[in-house]
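Me: Could you walk me through reading a model like this one, feature by feature? I'd like the general idea each time, and then the case in hand.

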Amino acid sequence: MAAMYVDSHCHLTFEGLRERIDDVRAAMAAADVGRALVICTTLEEFDTVHGLALRFDNFWATAGVHPDNEGVREPSVEDLVLRAELPRVVAIGETGLDYYRLGERSLEDMRWQRERFRVHIRAARACAKPLVIHTRSASIDTMAILREEGGHVAGGVFHCFTETAEVARAALDLGFFISFSGILTFRNADDLREVARFVPLDRLLIETDSPYLAPAPHRGKVNQPAYVPWVAKQVAELKQLSQAAVAQATSANFDRLFRPYT
Ligand SMILES: [Zn+2]
Ligand SMILES: [Zn+2]
């Protein structure tokens, strides 16, 4: 049997994918992508995300509110725990901090984002599910809050990693996994490739973050889980392993972190 891949982070409820889910699934099967984790970004969206995981036995779901989403329902710990305990929900997130689009705002103005992140960590600890963490231009505060809230007790993954080796080291030291997206294949991503070389294979996940960030050679297209082998190919080249070995290791890591069959 061919090695099977897992896409550890995709947004199948977003436009470009949700309206053609059968095609997306057929393409996955053709590319040996056996499973995917469908990520929730608002409470309003949760039922649709969860519905996909209930309908298809190779999809799982998360429960969380993305740090970039404003003007949406603010989750309480209880809101998140209630959803995380439903069948086929395996993680809390995506959550974290994103200071990339500050615009006119100061870091002080982003207090709500830090509070929301704390709520997610408390929920993850309360229900003993791992965190799916998004951090962009905010790694110092992300690490500080994780430490203050005991985020390592829940564990989790830093998804779509684009930070430095130093941040990767700190995340690994806290026991977190690191997930790489199609960005790893971009021509200008030499620094990130160095980071990926350094992350141990037994702590590494792969993802598409589709519909965004399609890997080379599909860059610019609508991304989909079927493209995750291109990320594996890049990891394999960096670590001088076969693509099958990367598929196998990252799938085993996915099972260890998310425990999808328990
Ligand atoms: Zn994200
Ligand atoms: Zn995402």
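## Two zinc ions and their surroundings

Reply: Let's start at the metals: the zinc ion (ligand 1) and the zinc ion (ligand 2) sit 3.4 Å apart, with E94 coordinating both. Keep in mind that this is a predicted model.

Me: Which protein atoms hold the zinc ion (ligand 1)?

Reply: To read a metal site, list the donor atoms and their distances. For the zinc ion (ligand 1) the protein donors are E94 (OE), H134 (ND1) and H159 (NE2), at 2.0 to 2.1 Å. Along the chain they follow the spacing E-x39-H-x24-H. H134 is in strand β5 (residues 131-136), while H159 is in the loop between β6 (156-158) and α7 (165-173), so this pair ties together parts 25 residues apart in sequence.

Me: Are those two histidines, H134 and H159, buried or exposed?

Reply: For this, look at relative accessibility; under 20% counts as buried. H134 comes out at 13%, so it is buried. H159 counts as buried too, because its value is 4%.

Me: And what coordinates the zinc ion (ligand 2)?

Reply: Same approach. The donors here are H9 (NE2), H11 (NE2), E94 (OE) and D209 (OD), at 2.0 to 2.6 Å. Their sequence spacing reads H-x1-H-x82-E-x114-D. H9 belongs to strand β1 (residues 5-10) and D209 to the loop between β8 (204-206) and α9 (228-239), so the pair ties together parts that are 200 residues apart in sequence.

Me: What is the geometry of the four donor atoms around the zinc ion (ligand 2)?

Reply: Check the angles that the donors make at the metal. Around the zinc ion (ligand 2) they run from 86 to 175°, which makes the arrangement irregular. A tetrahedral label would need all angles between 85 and 135 degrees, so the upper end of that range rules it out.

Me: Let's zoom in on one ligand residue. What surrounds H9?

Reply: Combine burial, contacts and polar partners. H9 has 1% relative accessibility, so it counts as buried, and D209 is buried as well. Setting aside neighbours within four places in sequence, the residues in contact with H9 include L37, I39, V132, E207, T208 and S210. E94 and D209, which are also donors to the zinc ion (ligand 2), are among the contacts of H9 too. There is also a polar contact of 3.3 Å between the side chains of H9 and H159. H159, remember, is a donor of the zinc ion (ligand 1), whereas H9 is a donor of the zinc ion (ligand 2).

Me: On to charged pairs. How many salt bridges are there?

Reply: Count first, then look at individual pairs. The count comes to 14 salt bridges. One of them joins the side chains of R101 and D68, at 3.0 Å from N to O. R101 lies in the loop between β4 (89-98) and α4 (111-127), and D68 in the loop between β3 (59-63) and α3 (77-84), so this pair ties together parts 33 residues apart in sequence. D68 has a relative accessible area of 27%, which means that it is partly exposed.

Me: Which residues are linked in a network of salt bridges?

Reply: Follow shared residues from pair to pair. E115, R118, R122, E148 and E149 are linked this way. R118 pairs with E115, with the closest N and O atoms 4.0 Å apart. Both lie in helix α4, three residues apart, about one turn of the helix. R118 also meets E149 in a salt bridge, at 2.9 Å from N to O. That second pair links distant parts of the chain, from R118 in helix α4 to E149 in the loop between α5 (139-148) and α6 (151-154), 31 residues apart.

Me: How do R118, E115 and E149 fare for burial, then?

Reply: Read each value separately. R118 is buried, with a relative accessible area of 17%, and E149 counts as buried at 11%. E115, at 40%, is partly exposed.

Me: Last one: where does R105 lie?

Reply: Place the residue in its element, then check its partners. R105 is in the loop between β4 and α4, and is partly exposed at 27%. A polar atom of the R105 side chain lies 2.8 Å from the backbone oxygen of R101. Not counting residues up to four places away in sequence, R105 touches E70, M110 and W112.

Terms used. Residues numbered from 1 in each chain as written. Chains lettered and ligands numbered in written order. Predicted model: local features only at pLDDT ≥ 70, side-chain atom pairs only at ≥ 80, totals over all residues. Heavy atoms only, no water. Donors = N, O, S within 2.8 Å, 3.2 Å for Na, K, Ca; no water. Tetrahedral: all angles 85-135°; square planar, octahedral: opposite > 155°, others 65-115°. Helix = DSSP H or I, 4+ residues; strand = E, 2+ residues; numbered from the N terminus. Buried < 20%, exposed > 50% of the residue type's maximum accessible area, 1.4 Å probe, protein only. Polar contact = N/O pair within 3.5 Å; in protein donor to acceptor, adjacent residues only side chain to side chain. Contact = heavy atoms within 4.5 Å.
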